[in-house]
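Open the model in your viewer and keep the selection tool at hand. The stops below are given in the order in which to select them.

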Amino acid sequence: MKTRDSGMPGEGQWSGFFAPDAILCALGLNQVDGALVDIGCGYGTFSLAAARMTGQRVIALDIDPGLVRLVAERARAQSLTLVDARVADVAAAGTGLDDGAAAAVLLFNLLHCEEPLRLLAEARRVLAPGGRVAVIHWRSDIATPRGPDLAIRPRPETCAAWLELAGFVVAVPPLLLPPYHFGLVGRRPRATRSPRL
Ligand SMILES: C[S@@+](CC[C@H](N)C(=O)[O-])C[C@H]1O[C@@H](n2cnc3c(N)ncnc32)[C@H](O)[C@@H]1O
């Protein structure tokens, strides 16, 4: 099922809200040693930028088949052969990827969903030890032109607490990603068991 409040405006407007390369660099995701998974990839705003910057395989997952087709077409048009766009209801059924298959997971503009800890647990499962999960979201302390209702919009400190609850170490504490977002990164520790969520 589509997570709550997860619609987007037209692509032209959406892409104007972000500087994807700058955001990926600020979070240290310009260098990744292995596959990336972009959960709820939308228009591929970050999947395509990540593939271009890292040269790694990017598995772009979304529940909306139209968006997945669009991402696959855009990747082909840009000769980004390492982008693998797939339909998946990640909230209900997970990513379908093997344990430890990824070096990085992107959860961008998605953690206002009904069960953020479940998504983070899935991210942790598919990450190899030492792998990173990156979260960005709309700020609630300034006016923003879009974003989920303030009542369900997670704050940076809440996201950091969720990361720790899900068994990550906060590797990049919350930082501002102008003009409208914040971001942070968690790292899956190298040798610990999964927390019981
Ligand atoms: C607000 S958009 C964010 C898109 C992208 N992450 C970005 O920041 O540009 C949320 C995306 O999550 C997708 N989505 C919602 N529920 C989902 C689910 N259960 N499984 C996978 N994707 C989902 C929506 O279709 C939409 O493309």
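This is a predicted model. Start by selecting Ser-6, which is placed in the segment before helix H1 (11–15). Add Leu-111 to the selection: Ser-6 and Leu-111 are 105 residues apart in sequence, while their C-alpha atoms are 9.9 Å apart in space. Then show the side chain of Ser-6, which has a polar atom 2.7 Å from the backbone oxygen of Thr-3.

Keep Thr-3 selected and display the ligand. A polar backbone atom of Thr-3 is 2.9 Å from a nitrogen atom of the ligand. Thr-3 therefore makes a polar contact with the ligand, given that the cut-off for a pair of N or O atoms is 3.5 Å.

Next, select Trp-14. An N or O atom in the side chain of Trp-14 is 2.8 Å from an oxygen atom of the ligand. Move on to Val-90, where a backbone N or O atom lies 3.0 Å from a nitrogen atom of the ligand. Taken alone, the ligand exposes 600 Å², and the protein buries 98% of that.

Now select the whole shell around the ligand. How many residues surround the ligand? There are 21, and the closest are Trp-14, Gly-40, Asp-62, Asp-89 and Asn-109. Coloured by type, the shell divides into 12 nonpolar, six polar and three charged residues. With a pocket surface switched on, the ligand is found in the largest pocket. Helix H3 (45–54) and helix H5 (90–93) are the elements that give two or more residues to the shell.

Leave the ligand and select Ser-79, in the loop between helix H4 (65–77) and strand S3 (83–87). What is the sign of phi at Ser-79? It is positive, at about 55 degrees, although Ser-79 is not a glycine. Most residues other than glycine have a negative phi.

For the last stop, select strand S6 (residues 169–177) and strand S7 (residues 181–187). The two strands run antiparallel and are joined by six bridges. Label Val-169 to find the residue that stands opposite, Arg-187 in S7. S6 and S7 form a hairpin, with three residues between them.

Zoom in on the loop between S6 and S7, where Pro-179 is placed. Is the peptide bond joining Pro-178 and Pro-179 cis or trans? The bond is cis, with omega about 10 degrees. Most peptide bonds are trans.

Terms used
Residues are numbered from 1 along each chain as its sequence is written. This is a predicted model: local features need pLDDT of at least 70, side-chain atom pairs count only at pLDDT 80 or more; totals for chains, interfaces and linings use all residues. Side-chain values use heavy atoms; hydrogens and water are left out. A residue is near a molecule or strand if one of its heavy atoms lies within 4 Å of it. A polar contact is a pair of N or O atoms within 3.5 Å; within protein, one must be able to donate a hydrogen and the other to accept it, and residues adjacent in sequence count only if both atoms are side-chain atoms. Accessible areas come from the Shrake-Rupley method with a 1.4 Å probe; for residues, only the protein chains shown count as cover. On a 1 Å grid over the protein atoms alone, a cavity is a set of points where a 1.4 Å probe fits but cannot get out, and a pocket is an open set with protein on both sides within 12 Å along at least five of seven lines; lining residues have an atom within 4 Å of a point. A molecule sits in a cavity or pocket if more than half of its atoms lie within 2 Å of its grid points. Helices (H or I, at least four residues) and strands (E, at least two) are DSSP runs, numbered from the N terminus. Ala, Val, Leu, Ile, Met, Phe, Trp, Tyr, Cys and Pro count as nonpolar, Asp, Glu, Lys and Arg as charged, and the others, Gly among them, as polar. Two strands pair if DSSP finds at least two bridges between them.
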